[in-house]
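Subject: Structure for your review

Dear colleague,

Please find below the structure that I am handing over to you. My findings follow it.

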Amino acid sequence: MNFTEQDLARIRARTLIVHGDNDRFFPVDIPQAMYRAIPNSELWLIPGGDHAVIFEPAIGFAERALGFLKRNQIA
């Protein structure tokens, strides 16, 4: 994928960027740049996490993602 900062800046949905800091395919500067470019985004860097970090039960991805989605909901 080749999204520019301008492309990412057009995203209006709250965005949770999840990335393992030990990902062998994508260096950590990629999600950091995405975080800076996407308004209202949050970055969750997982220490020691690899490329498929969301599938590791110990990190509690589902709970964290649900908490992110529930915050600031319009009633």
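I begin with one pair of residues: glycine 20 stands opposite isoleucine 46, which lies in strand β2. Please keep in mind throughout that this model is predicted.

The two residues belong to a wider pairing. Strand β1, residues 15-20, and β2 run in the parallel sense and are joined over six bridges. To pass from β1 to β2, the chain goes through helix α2, residues 29-37, and the resulting β-α-β crossover is right-handed. As general background, the side chains of a regular strand alternate between the two faces of the sheet.

The overall layout can now be described. The protein contains three helices and two strands, and along the sequence they follow the pattern α-β-α-β-α. Its C-alpha atoms fill a box of roughly 35 × 30 × 15 Å along the principal axes.

Next come the charged side chains. In general, side chains of opposite charge can pair when their charged atoms come close. How many salt bridges does the count give? The count comes to two salt bridges.

One of these joins arginine 71 to glutamate 42, with a distance of 3.2 Å from N to O. This pair links distant parts of the chain, 29 residues apart: arginine 71 sits in the segment after α3 (61-70), while glutamate 42 belongs to strand β2, residues 41-46. Arginine 71 has a relative accessibility of 37% and therefore counts as partly exposed. Glutamate 42, at 29%, is also partly exposed.

Another salt bridge is formed by arginine 10 and aspartate 7, whose closest N and O atoms are 2.4 Å apart. Is arginine 10 buried or exposed? Arginine 10 is exposed, because its relative accessible area of 57% is over the 50% cut-off. Aspartate 7, by contrast, has 27% relative accessibility and so counts as partly exposed.

Some totals complete the description. Of the 75 residues in the protein, 24% are buried. The accessible surface comes to about 5600 Å², and carbon and sulfur atoms account for 57% of that area. Among contacts with a separation of 6 or more, 67% are between residues 24 or more positions apart.

When you view the structure, I suggest starting with the parallel pairing of β1 and β2 and then following the chain through helix α2. The salt bridge between arginine 71 and glutamate 42 can be viewed after that.

Yours sincerely,
A colleague

Terms used: Residues numbered from 1 in each chain as written. Predicted model: local features only at pLDDT ≥ 70, side-chain atom pairs only at ≥ 80, totals over all residues. Heavy atoms only, no water. Salt bridge = Lys/Arg side-chain N within 4 Å of Asp/Glu carboxyl O. Buried < 20%, exposed > 50% of the residue type's maximum accessible area, 1.4 Å probe, protein only. Helix = DSSP H or I, 4+ residues; strand = E, 2+ residues; numbered from the N terminus. Pairing = 2+ DSSP bridges. Right-handed = clockwise from strand over helix to strand, strands pointing away. Contact = heavy atoms within 4.5 Å. Areas by Shrake-Rupley, 256 points an atom, 1.4 Å probe, with all protein chains shown as cover.
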